[in-house]
Amino acid sequence: MAKVLVIADIKQGALKGSTAELLSKAKAIGAEAAVVAIGSNLEALIPELANAGSDTQYIADDPGLELFSAGPYASCVVDAANQFGADLIWFSFSESGKAASPRVAAQLGAACATEITDVILNGDQVEIIRPAIANKVKQRVKINAERLVAVVRAGAFEATEGISGTENVVRLATPAADVKAVIKELISDATGEIDLADADIVISVGRGAKDQTGVDLIRALADDLGAGFGSSRAMVDGGFMAHNKQVGQTGKIVAPTLYMAMGISGAIQHLAGMNGSKVILAVNKDPEAPIFNVADYGIVGDLFEVVPLLREEIKKIRS
Ligand SMILES: Cc1cc2nc3c(=O)[nH]c(=O)nc-3n(C[C@H](O)[C@H](O)[C@H](O)COP(=O)(O)OP(=O)(O)OC[C@H]3O[C@@H](n4cnc5c(N)ncnc54)[C@H](O)[C@@H]3O)c2cc1C
């Protein structure tokens, strides 16, 4: 039986949904699933980690691990992977996953694959699927190594209802501090806005919104729906939106339940960041806009007319 070690994705003390998604996938391929949680004050998370589908919880809990640092973090993962005898080591798609995964692979002598969207087990042979060339093709890659460290693309797997695990806690020794790089402080943008990666609905604004008035109009719709507010690169380059809101090849990759593209043409580089969304709705005044090739629902019209109508209808439904 294959053994999967999932690295818990913890943000500000809370477990992110991606952890349960990865554990569900591990169970779906018939593997034994364990989780490693690294941070500070993790005690309260242990039942949640078991309920998410893990049968062993490796816990590295120390005040020195509160802020992510790739060296010590990788040491904890390597320790857990060796104790568990993991064949597959899965990180969620996060900055910490991207930074720590190559170190873990190097230390374990394992193969390393990023942005995977599927894992296939054929007996002992592991294969992975990953998009390439801005999502134009999918690669199916045979892994010729005994162990695989992988970073899983956001939204690639779904959490299965009713899955559960068992509480079996193994405490890990605290690794030595990384003297080469010490994180002193975490500075967040503190806007209080919904993180695009966590949002169930993402609404993005494109050049069709023209200026700040258009941006504010679409932001109001996002606020009505409690949605994450994203952007095409055109609006970032135009100075209307912050770079951390850009969706696409050189921005964030999102896979929400609903993605709404407002005045976005659908350039390949934008699609690379959102075409894994479950349902896509596009508003564009050009019926030939390429975004309609990927949209499940399309509204051909002027967003300055369509968005107020949408807001009115949403208000009516809510009341
Ligand atoms: C290396 C590289 C990396 C890139 N990375 C990214 C990336 O990560 N993300 C990204 O988004 N782009 C990226 N781009 C840029 C990308 O190629 C496009 O230029 C960009 O996505 C266009 O943004 P847009 O759709 O908002 O603007 P446009 O392409 O100008 O489209 C605006 C759309 O709005 C419609 N419109 C106009 N007025 C209205 C109205 N009143 N109501 C409704 N619709 C209206 C138009 O019909 C048009 O379809 C990258 C480019 C390169 C070369």
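**Briefing: fold, ligand shell, helix α4 and A177**

Of the 319 residues of the protein chain, 45% count as buried. The model is predicted. Nine helices and 17 strands make up the secondary structure of the protein chain. The points below cover the overall fold, the ligand shell, one helix and one loop residue.

**Overall fold**

- The radius of gyration of the protein chain is 21 Å. A compact globule of 319 residues would have a value near 20 Å, so the two agree.
- Along the principal axes, the C-alpha atoms fill a box of roughly 60 × 40 × 40 Å.
- Take the contacts between residues at least 6 apart in sequence: 65% of them join residues at least 24 apart.

**Ligand shell**

- The ligand has 27 residues around it. G206, G208, S232, R233 and G248 come nearest.
- Four elements give two or more residues each to this shell: α6 (233-237), α7 (268-271), β16 (279-284) and α9 (303-318).
- By residue class, the shell holds 14 polar, eight nonpolar and five charged residues.

**Helix α4**

- Helix α4 spans residues 95-108, which is 14 residues. From first C-alpha to last it reaches 21 Å, close to the 20 Å expected at 1.5 Å a residue.
- The helix bends by about 30° at S101. A proline, P102, follows within four residues.
- Buried residues in α4 are G97, A100, S101, V104, A105 and L108. S101 is thus listed as buried and is also the site of the bend.
- The cover over these buried residues includes two elements numbered as helix and strand before α4, α3 (70-84) and β6 (88-92). The strands β1 (3-7), β7 (111-116) and β11 (148-152) also contribute to that cover.
- G109 comes just after α4 and takes a positive phi of about 65°.

**Loop residue A177**

- A177 sits in the loop between β12 (169-171) and β13 (201-205).
- A177 has 14 other C-beta atoms within 10 Å, so this residue is partly exposed. The buried class needs 20 or more such atoms, and the exposed class 12 or fewer.
- Setting aside neighbours within four places in sequence, A177 is in contact with G64 and P72.
- P72 and A177 lie 105 residues apart in sequence. In space their C-alpha atoms are 6.2 Å apart.

Terms used
Residues numbered from 1 in each chain as written. Predicted model: local features only at pLDDT ≥ 70, side-chain atom pairs only at ≥ 80, totals over all residues. Near = placed C-beta within 6 Å. Nonpolar A, V, L, I, M, F, W, Y, C, P; charged D, E, K, R; others polar. Rg over C-alpha atoms; globule rule 2.2 N^0.38 Å. Contact = placed C-beta atoms within 7 Å. Expected span 1.5 Å × (residues − 1). Bend = angle between axes of the 7 residues up to and from the residue.
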